[in-house]
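Here's a quick briefing to read alongside the sequence and the coordinates. It goes topic by topic, so feel free to click along as you read.

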Amino acid sequence: MILTWKKCLTYEEARNYTNIIYLHEWDGKPFYWGKAHKSFFGGHMREIDGFKASGRYNSGYRHWIEGCLKHGASLYIAQVDPNGEYTIDEIENYLIKTYPSEMPQKLHKSVKTLNISHTGDVPMALLNSVLHL
């Protein structure tokens, strides 16, 4: 499976993504992993292309995310194919286990070893890990 990463420079750029894995990165290291599975990344309740949901980070978080992005953080998003080889939960767990974040995170289930490669705007945290193998 291939995860194609996109670096989002603003909250507005990220807000309409759904069925994604995201990474808040700081100083080239994972800060926090997450997913927006049955929600949009940001905004309030709305419907786009027949999908109605609220935002994982509603509009009240905009100032916080924008502030982090302006002061050194990075936000990366990878779209997950809902019909893909692995579920979004499996992918999130694998990334949390393989690339531990600064903010401790609980694994939701046992972690499988997945065959995932990365393309696009690959987060530095993932590139650094590969370089140190």
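Let's begin with the aromatics: Y22, F41, Y57 and Y61 are linked into a cluster by ring pairs. Keep in mind that this is a predicted model. From the rings we move on to the largest pocket, then strand pairing, then a couple of backbone oddities.

**Aromatic rings**

- Counting pairs with ring centres within 6.5 Å, you get eight aromatic pairs.
- One of them is W26 with F31: the ring centres sit 6.1 Å apart and the planes meet at 55°, so this pair goes down as tilted. To be called edge-to-face, the planes would have to be over 60 degrees apart.
- How exposed are the two partners? W26 has 29% relative accessibility, so it counts as partly exposed, and F31, at 26%, counts as partly exposed too.

**Charges over rings**

- Y57, already met in the ring cluster, also has a charged neighbour: R56 lies over its face, 4.7 Å from the ring centre.
- F40 has an arginine over its face as well, namely R46, at 4.2 Å from the ring centre.

**The largest pocket**

- The volume of the largest pocket comes to about 270 Å³.
- Which residues are closest to the centre? Out of 15 lining residues, those are H24, F31, Y57, W64 and C68.
- Two or more lining residues come from each of β2 (18-26), β3 (29-42), β6 (55-57), α2 (62-70) and β7 (73-79).
- Which element gives the most to the lining? That's α2, with four residues.
- Sorted by class, the lining has 12 nonpolar residues, two polar ones and one charged one.
- Two residues link this topic to the rings above: F31, which is close to the pocket centre, is the tilted partner of W26, and Y57, also among the closest to the centre, belongs to the ring cluster.

**Strand pairing**

- What does strand β1 pair with? Residues 2-8 make up β1, and four bridges join it to β8 (residues 117-120), with the two strands running parallel.
- If you want a residue to click on for that pairing, take I2, whose bridge partner in β8 is S117.
- β1 is also joined to β7 by four bridges, and here the strands run antiparallel.
- For this second pairing, look at K7, which has Y76 as its bridge partner in β7.
- β7 also turns up in the pocket section, as one of the elements giving two or more residues to the lining.

**A contact across the chain**

- S39 belongs to strand β3, and with 13% relative accessibility it counts as buried, because the cut-off is under 20%.
- Its C-alpha atom is 5.5 Å from that of S54, although the two residues are 15 apart along the chain.

**Positive phi angles**

- Where do you find D27? It's in the loop between β2 and β3, and its phi is positive, about 55°, even though the residue isn't a glycine.
- Is D27 buried or exposed? Its relative accessibility is 63%, so it counts as exposed.
- D49 is another non-glycine residue with a positive phi, near 50°, and it sits in the loop between β4 (46-48) and β5 (51-53).
- D49 is exposed as well, because its relative accessible area of 81% is over the 50% cut-off.

Methods:
Residues numbered from 1 in each chain as written. Predicted model: local features only at pLDDT ≥ 70, side-chain atom pairs only at ≥ 80, totals over all residues. Heavy atoms only, no water. 1 Å grid on protein atoms, 1.4 Å probe; cavity = no way out; pocket = protein on both sides within 12 Å on 5 of 7 lines; lining within 4 Å. Points joined across faces, edges and corners; volume = space filled by probe spheres on them. Nonpolar A, V, L, I, M, F, W, Y, C, P; charged D, E, K, R; others polar. Buried < 20%, exposed > 50% of the residue type's maximum accessible area, 1.4 Å probe, protein only. Pairing = 2+ DSSP bridges. Phe/Tyr/Trp six-rings, centres within 6.5 Å; stacked < 30°, edge-to-face > 60°. Lys NZ or Arg CZ within 6 Å of the ring centre and 35° of its normal.
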